[in-house]
Amino acid sequence: MKHASIPNNWSPTSWQSFEASQQPTYKNSEALESVLAELGQLPPIVTSWEVESLKKELARAQNGDAFVLQGGDCSENFEECRSEIIVQKLKILLQMSLIMIMGMEKPIVRIGRMAGQYAKPRSENMESRGGVSLPSYRGDLINRPPFKAEDREPDAKLMLRGYERAALTLNFVRSLIDGGFADLHHPENWDLKFASKSPMASEYHKLVDSVTTSLGFFESVTGKSIYAQRIEFYVSHEGLHLPYEQAQTRFLSHRDGWYNLSTHFPWIGMRTADVRGAHIEYFRGLANPIGVKIGCDFSEKKIQALIKALNPDSEPGRLTFITRFGSEQIEEHLPRVIKAVKKIDADVLWICDPMHGNTEMTAKGYKTRHFDRILSELRSAFRIHRDSGSYLGGVHLELTGENVTECIGGARGLKEADLARAYKSQVDPRLNYEQAIEIAMLIARRLRAQD
Ligand code: PEP
Ligand code: CO
């Protein structure tokens, strides 16, 4: 499949003449230039071969022949670039994909929100505490969380540290996968110690047994192995920090296109999706598959303008709309957004993000999400797409393989009072292991019901 042509008047720097929101201001511009020059010289984190192969997978999902599982932290921390945490994240995504495979005779496309998810949009540029105002924490790629002037000052060198950690993370993930860790014949590799006593454990193990039995049955009857030695695993992050993204954008003459090789699948956040803004300008010239978060205030005109800017040639797999309305608003907004796309005969891959429209603050100041609302938005998304004659081709989740207490509800019935016990996120609340498995089971059931 050939990617679409390079648009007119575009270059990796053309975004610089547009209004760029959510960007840090670096005091030392020489240090910034030298970091960007170094980043531009370092080898890429992913290859265009992988990027094109993901685009094909996404085209299949857009067509109804695959389902995407995209998940990971709201924001990765440099400190958490550790083997155990990476392994747990991979395990939970593999377990979920195994459960989802049971729900459908279609491949699951696995995409981690990882190996580069280090920059965060913030609603306020400044944070004030006790009469002191400092720049907001914008993710480890930009500054540091402690409320001290020196920590909150954007530091260009952090981009190099982020690049290195992204590479370390993906290197480890690739080795695990190549070494057979992800082999579907051995799901026992992915068991998490603390999860054996979970209310979800027995249902999960029953399911795993039936998957391995059917795999074995199929393979002995046909004499063929269903899965080759390795599965595919892709990575994604929000392409927020434009100088960082630009530094890793390369022209590949053998493909005649520009690729952002810092990740397979960069997406545009809801706050930076202004059609006349710098992010859309930057993204429109990339050959990568790209996503855009779609929220309640996106008008029909905006939806259609995004498609025209980002996928004028209607390349399959190129453009994903990741909708995030909230459990109460989805009924009003998803049908009209689907209509807006159909009205111009366009096609996108639809993914539901049931997390970001359902965030709230508790009286004690914890950012949380109710599990029931997450489930409800997801259920509505399946139903609305079916009723509108379109296909929900994936889900986008904030989750962790750790035993955190950040979202309320789920099989163990976490309450508001439980949040303090293991609340680790610096930004958005994530589903913990059990809650993530429960979501996967719901999706598996839904997908089966749709057939
Ligand atoms: C996110 O995905 O963490 C995020 C900030 O999402 P959105 O742009 O949808 O608000
Ligand atoms: Co988030």
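**View 1. The shell around ligand 1 divides into 4 nonpolar, 2 polar and 7 charged residues.** Here Ala, Val, Leu, Ile, Met, Phe, Trp, Tyr, Cys and Pro count as nonpolar, Asp, Glu, Lys and Arg as charged, and the others, Gly among them, as polar. Of the 13 residues around the ligand (a heavy atom within 4 Å of it), Lys 120, Met 270, Arg 271, Lys 293 and Arg 324 come nearest. This is a predicted model, where local features need pLDDT of at least 70 and side-chain atom pairs count only at pLDDT 80 or more. Residues are numbered from 1 along each chain as its sequence is written, and side-chain values use heavy atoms, with hydrogens and water left out.

**View 2. Three side chains make polar contacts (N or O atoms within 3.5 Å) with oxygen atoms of ligand 1.** For Arg 113, a polar side-chain atom sits 2.8 Å from a ligand oxygen. His 356 does much the same job at 2.9 Å, and an N or O atom in the side chain of Glu 398 is 3.1 Å from a ligand oxygen. Taken alone, ligand 1 exposes 290 Å², and the protein buries 97% of that (Shrake-Rupley method, 1.4 Å probe).

**View 3. Zooming out, the protein has 12 helices and 14 strands.** These are DSSP runs: helices are H or I with at least four residues, strands E with at least two. The C-alpha trace spans about 65 × 50 × 45 Å along its principal axes.

Methods
Chains are lettered from A and ligands numbered from 1 in the order in which they are written. A polar contact is a pair of N or O atoms within 3.5 Å; within protein, one must be able to donate a hydrogen and the other to accept it, and residues adjacent in sequence count only if both atoms are side-chain atoms.
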